[in-house]
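Trainee: Please choose one part of this model and look at it closely, and then follow the same kinds of interaction into other parts of the chain.

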Amino acid sequence: MGGWELAVLAFILLAAGFLRLYALGVPMLLHDEALVTGAAAQEWGYILRRSLYTDAHPPFYYFLNKLVIAVASDDFSVRLISAVGGTAAVYVLYRLGARLVSRGAGLVAASLLAVDLLHVALSRAVRPHALVLLLTLVAAQRLVGFLDRPSARNAWLLIAASFLTALWHFNGGLVIGSELAVVGVAILMGALGARMGLFTVAGLGACLAASAAPMLARMGKFPGVALGGNSMLWTATRTLENLRALLDVVPVPGAWQALTVLLLAGFALLWTRRPGPAAVLTAMAALPLAALIALRYGIIYEPQHIAFILPFLLLFVARGALAIPVPATLLAALITAGGAYFLVTDKHRALYEEDSGYINHNWSQRFLAFALPNPFTEKMVAGFYPAEQIDFISWELKRRGLGDPRLNAVGPGDSAVEFYLVKRLASEHTDSRTMFAIEQAGFPRVMDKRLDSGYSLQGFAIPRTPALALDALPGRFAISSDPEFFFRRVYEAHDLRPYFSPLGNCLYPSRFDSPASFTFRVENSSGRLAPNVDIGLVMANTAPGNLFEVLYAFDGETPRAGLSIREVGARGTPTLTLGRTAPFRVLDVTVRMLCSGESPSFYNNPEAVRFDSMDMVVNAPEPGFDSAAPVAVTGLGPVETAGQTRFRWGSGPETGVTFEAEGGEKFVLEMEARSPIPGQRVEVAVNGAPVNVPDAGLFPESRKLAVPVQARKGANVLSVRYALWNQGRHGAPGETFEKDDPRFLAASFTAFRLVRAQSGN
């Protein structure tokens, strides 16, 4: 290498490093960058499950970033891997070009990559693309070395480089597939011995299988359009658009057209004079695109997703540029100097300012974070629309020690709660008055901002009356998750995340593996016995490992478990009836929600368990349903009326009764029931042991059943199990008698009560 060549290479590398490291910590994290840092902040097992369940990428880039943020979490530090990798890629491209084409072509290609706007942007983002491009170049270099000298050592180096390439992004599999094709052709043409070639094919095949198998497992589980969701024509057209973007190295008028001409000229020249290197470069650039078109790829298809082929295109461009009668060193220096000047001047806003966002949409989470009160205390609650913004804003505030909007703690001593509504105005729906009714609730405003980024921030001081007053029987309380009601009347609440939707607002847990909870208190000033309290909920718990439970406590007693739900459909309506034999002064009903990390979220937020609403009815005495012992009944609906008849629906698969007893007590479960389902039968079990029920069939006509119950000391569980129920899908004709009713209706009861057995029974 001559002195001028060395000097120009050093200049190129210095410029490349400057363009990638300058003001690296100034731009706010982009939307996709915050997805990476948010996932990396979770525990190791969660990251792995997220990758296999809801993400399109392998987990290793998140693992790498987890190690980084354990040391430093500022924007400069989390982007440093990409910046260093992007700079290193410029040098590796020079080496590859010098080997395959010429040292002059290597210099020109390196200069083009050094100032390529897209590559500079990718090298300044917490995304795996810059690292994948670097490792693709390393793998290509090892492929060339192996083809030149097919030894076991070079085969292992190629396999190792290919395996590393596949760790970070799904397109690593495309790189390995292209290498397999090159090695296979070399074997068929006799340029590579069969034994060594087949060994290498086996190694590369193992790398491809290791990268493809998890991706196939993820297929259809992550957001976006599944593979094959578009036509080949659509993918081909999109590929051409992305190729044009890749060749727009310095986006000035005529640039991509000029580079396209140089690419075609270089392609023709290299194939004419050095067909072997031309074949390798063509395969590495074209075969990944052919695979994407054949697969009709269409998840999120942007230029950065094929940026790993950019170096091979630039080598063709560089070979074409050498036909220009200008020394390669001078041409490379001019490209570097002119391109760098263009980027730091004309493209300064796109790359180096706080709101820069060249490769991805920027939802201005830093602006939003600092527009909110700082610090954001536990006595403040934030609701975001779109909801995923909370994860990014929490990252911004938490790492600066300015609070965490996901966490809140509202107690009975709080006279008011500050609620902050953060909306992206372009995302509002026509029914937003219902979604955001808090804006029309008349609460005093503590903040009202409109940001240039298209967001509004409104803060409301919600006065609190943290108890539900029961003055007369019956009494009914309709509890919603709308913030204008919920945070005004809730007794206490911890770590809840409001979610706004045109389909109905709801509340999620704020964190994985840490329960969210809230309590509503009923204060009874009526002085009367309320023998039954009906609690009906609308909730969801759609994945294994989650928990939705209801606890209750009368007059300061130790809370008792009422409901414990591990999994239901997309929307559940469980019921709980609390039976009393003495008046109560205070009733506390607590809901706890735990969203396990076993059910990861693409946006790193717990979403699979939620609370929508709760209906609480405190009943006057109802002889047919008043038990002789305090009970908690599940699967038995509230009182309904049909003419003069008052009844409750029992829901499949069972109605359960929990009660306490002294040792040796005997009870009788008295039921009067009917069922519209032909062939309906019931079974009764006490503490898991079946109880003989003679002639346990239920018919359209009402019939009475009396089931003896031998209780044990302490807690007892009585189960009434149904053979059939509405929506039960057991195949019995007439089982689903109300198709439009989602409830699992099994039998209607005009009497259902637990009474003490008479002496001698």
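Mentor: In the hairpin of β4 and β5, 4 residues lie between the strands, and G454 takes a positive phi near 95 degrees. This is a predicted model, in which local features need pLDDT of at least 70 and side-chain atom pairs count only at pLDDT 80 or more, while totals for chains, interfaces and linings use all residues. Residues are numbered from 1 along each chain as its sequence is written, and side-chain values use heavy atoms, with hydrogens and water left out.

Strand β4 (residues 445–450) pairs with strand β5 (residues 455–463) in the antiparallel sense, over 5 bridges; two strands pair if DSSP finds at least two bridges between them, and helices (H or I, at least four residues) and strands (E, at least two) are DSSP runs numbered from the N terminus. Within this pairing, D448 has Q458 in β5 as its bridge partner. The side chain of D448 also meets that of R450 in a salt bridge of 3.0 Å, N to O, the term meaning a side-chain nitrogen of Lys or Arg within 4 Å of a carboxyl oxygen of Asp or Glu. D448 is partly exposed at 47% relative accessibility, where buried means under 20% relative accessible area, exposed over 50%, and partly exposed in between (1.4 Å probe, protein chains only).

By the salt-bridge rule the count comes to 30, and two further cases are worth setting beside the hairpin. In helix α12 (residues 232–247), R238 and E241 are 3 residues apart and therefore separated by about one helical turn; their side chains meet in a salt bridge of 3.0 Å, N to O, and E241 is partly exposed, with a relative accessible area of 42%.

The other case is a network of salt bridges that links D75, E396, R399 and R400. Here R399 and E396 meet through their side chains at 3.5 Å, N to O, and while R399 is partly exposed at 22% relative accessibility, E396 is buried at 1%. D75, which lies in helix α5 (residues 75–100), is buried as well, with a relative accessible area of 3%. The side chain of D75 makes a polar contact of 2.4 Å with the side chain of R399, a polar contact being a pair of N or O atoms within 3.5 Å; within protein, one must be able to donate a hydrogen and the other to accept it, and residues adjacent in sequence count only if both atoms are side-chain atoms. Leaving aside neighbours within four places in sequence, D75 is in contact (heavy atoms within 4.5 Å) with residues that include L24, G25, P27, R366 and R399.

Helix α5 also receives helix α1: the buried residues of α1 pack against α5, α6 (103–115), α7 (117–122) and α16 (328–345). Those buried residues include V8, L9, I12 and L19, and among them too are E5 and R20. After α1 comes A23, whose phi is positive, near 50 degrees, so that the model offers a positive phi here as well as at G454 in the hairpin.
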